[in-house]
Amino acid sequence: MRFLLLLVAATAAFGQTRDQRIAQFADSIRQQVIDCRRDLHMHPELSNREERTSKLVADKLRALGFDDVKTGVGKYGVVGLLKGGKPGGVVAVRADMDALPITEENNVPYKSQNIGVKHACGHDGHTSIQLGVAEVLSKMRSDIRGTIKFIFQPAEEGPPFGEKGGAKYMIEEGVLENPRPSAIFGLHVGAQIPVGKIAYNSGPLLASTDTFAITITGKTVHGAYPHEGIDGIEVSAQVIQALQTIRSRRIIASEPMVLTIGKIEGGTRNNILAGKVRMEGTLRTLNEGVREQVRTLMRQVGRGVAEANGAGFQLEWLDENPVTYNDPALTEKSLPSLARVFGKENLIRTDPQMGGEDFAYFQKVIPGFFYFLGVGNVAKGFTAIQHTPMFDMDEDALALGVKAEVTLLLDYLDQLGVAPK
């Protein structure tokens with residue numbers, strides 16, 4: 001009888017499609033992926049400080065028998081190679097690992113234990129999903145036609161001032177070489193997208209995100225005698241107003257563009273003119289040509305206003321990310337894979353968003369496809385948007401993310417294997 005049961009089970013397994021096996025493997029580690037996400041959530045680490053997270057990832061990849069695991073790539077980045085049982089090409093998949101300087105306000109068992117630091121953007125979900133993908137594919141080596149490069153990236157939110165970090169630094173350190181992938185995939189959880197749905201776009205998906213600082217240098221004097229000095233605060237106000245005319249008068253109205261001053265500091269006392277004022281802000285566009293045009297105009301306009309008032313002007317670019325641009329051909333090839341996991345009716349083509357992602361740097365080197373995985377659930381109370389103290393996610397989405405990524409990677413390598421040379 002026992003032999004008969006084993007024979008029936010083996011026959012059933014043999015008759016499964018690959019999609020069914022992917023689903024079965026992903027479902028079998030569902031709780032494991034959730035537990036991993038909660039562990040990461042309780043121990044968040046800021047950009048370029050992901051020491052514990054990096055070790056957890058590397059230890060897991062080694063335990064899964066990866067062919068090569070490298071650490072310290074771009075500071076705390078981890079790269080693992082999984083070679084399949086069939087010859088073929090190379091594809092990459094990326095997850096980011098860093099958290100944000102935000103204090104958690106959710107009263108949950110997995111609440112952040114690092115006061116003032118929280119996974120408020122969902123990178124704990126990204127990392128746990130990708131580790132789940134690594135586990136499923138380690139059980140499916142015979143299905144892999146080629147090699148899969150797993151990239152776990154630090155500092156997506158931006159490295160501390162004065163430090164290198166993020167995707168750009170990993171690329172400088174050779175993450176896309178030896179072997180070089182022909183494409184790269186990545187996902188981001190979406191708090192405003194219901195669980196069970198995917199949002200994507202072909203072409204621009206997310207804006208360029210340039211962080212800048214402007215310093216206005218005036219001349220300090222007693223506030224009772226302003227004619228003897230140069231008021232840095234008053235000049236800064238003129239500069240801010242003038243910069244907004246770039247959007248309203250210098251850029252074609254059909255092109256999305258945002259220029260925001262979010263921080264301003266200056267002055268020492270109520271009756272003293274500020275000798276120096278520093279402002280920080282962000283520039284976001286969906287077109288690289290518009291991006292360069294605005295950067296040039298910011299310098300021209302700001303300097304002109306400052307000099308007209310006898311003040312000095314300095315513009316510094318602190319952090320720069322290009323447009324996250326999904327290769328149209330790769331996007332088109334990827335949609336059938338996602339449709340098999342989620343159902344075609346659950347794939348939502350979205351308008352480009354003005355948020356940003358340094359995944360864009362990988363896409364500047366090789367074709368890439370980046371999409372949003374829905375993690376919102378009104379019924380369960382998961383409604384808070386990302387980068388807020390109350391953000392959380394419906395963890396039912398994690399296993400779906402694993403299925404999606406495994407399917408995308410295997411399908412892509414299969415397509416490479418049959419493509420004409």
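This report walks through two buried residues, one paired strand and two nonpolar cores.

The model is predicted.

**His41**

Start with helix 3, which spans residues 30–42 and holds His41. Is His41 buried or exposed? Its relative accessible area is 0%, and buried means under 20%, so His41 is buried. The side chain of His41 has a polar contact with the side chain of Asp124, at 2.8 Å. Other residues also touch His41. Beyond its neighbours within four places in sequence, the contacts of His41 include Glu104, Tyr110, Ser112, Lys118 and His119. Asp124 belongs to that list too.

**Gly125**

Next comes Gly125, in helix 5, residues 123–138. Gly125 is buried, with a relative accessible area of 0%. Which residues does Gly125 contact, leaving aside its neighbours within four places in sequence? They are Arg37, Met393 and Leu398. Met393 stands 268 residues from Gly125 in sequence. In space, the C-alpha atoms of Gly125 and Met393 are 8.5 Å apart.

**Strand 8**

Strand 8 runs over residues 208–217 and is mostly covered. Eight of its 10 residues are buried. Strand 8 pairs with strand 10 and with strand 11, as the table shows.

| Partner of strand 8 | Residues | Sense | Bridges | Residue pair |
|---|---|---|---|---|
| Strand 10 | 276–285 | antiparallel | 10 bridges | Ala213 and Glu280 |
| Strand 11 | 312–321 | antiparallel | nine bridges | Thr215 and Gln314 |

In the pairing with strand 10, Ala213 stands opposite Glu280. On strand 11, Gln314 is the bridge partner of Thr215.

**The nonpolar cores**

Nonpolar side chains tend to be buried together in soluble globular proteins. The largest nonpolar core here has 59 residues. Which of them touch the most other members? They are Leu61, Leu137, Ile148, Phe150, Phe152, Leu338 and Tyr371. Helix 11, residues 396–418, gives the most to this core, with 11 residues.

Now look at Phe152. Not counting residues up to four places away in sequence, Phe152 touches Val57, Leu61, Gly77, Val78 and Ala95. Phe152 also touches Met97, Thr127, Gln130, Leu131 and Met170.

A second core is separate and has 26 residues. Among them are Ile216, Val239, Ala274 and Ala311.

Methods. Residues numbered from 1 in each chain as written. Predicted model: local features only at pLDDT ≥ 70, side-chain atom pairs only at ≥ 80, totals over all residues. Heavy atoms only, no water. Helix = DSSP H or I, 4+ residues; strand = E, 2+ residues; numbered from the N terminus. Buried < 20%, exposed > 50% of the residue type's maximum accessible area, 1.4 Å probe, protein only. Polar contact = N/O pair within 3.5 Å; in protein donor to acceptor, adjacent residues only side chain to side chain. Contact = heavy atoms within 4.5 Å. Pairing = 2+ DSSP bridges. Core = buried A, V, L, I, M, F, W, Y, C linked by side-chain atoms within 4.5 Å.
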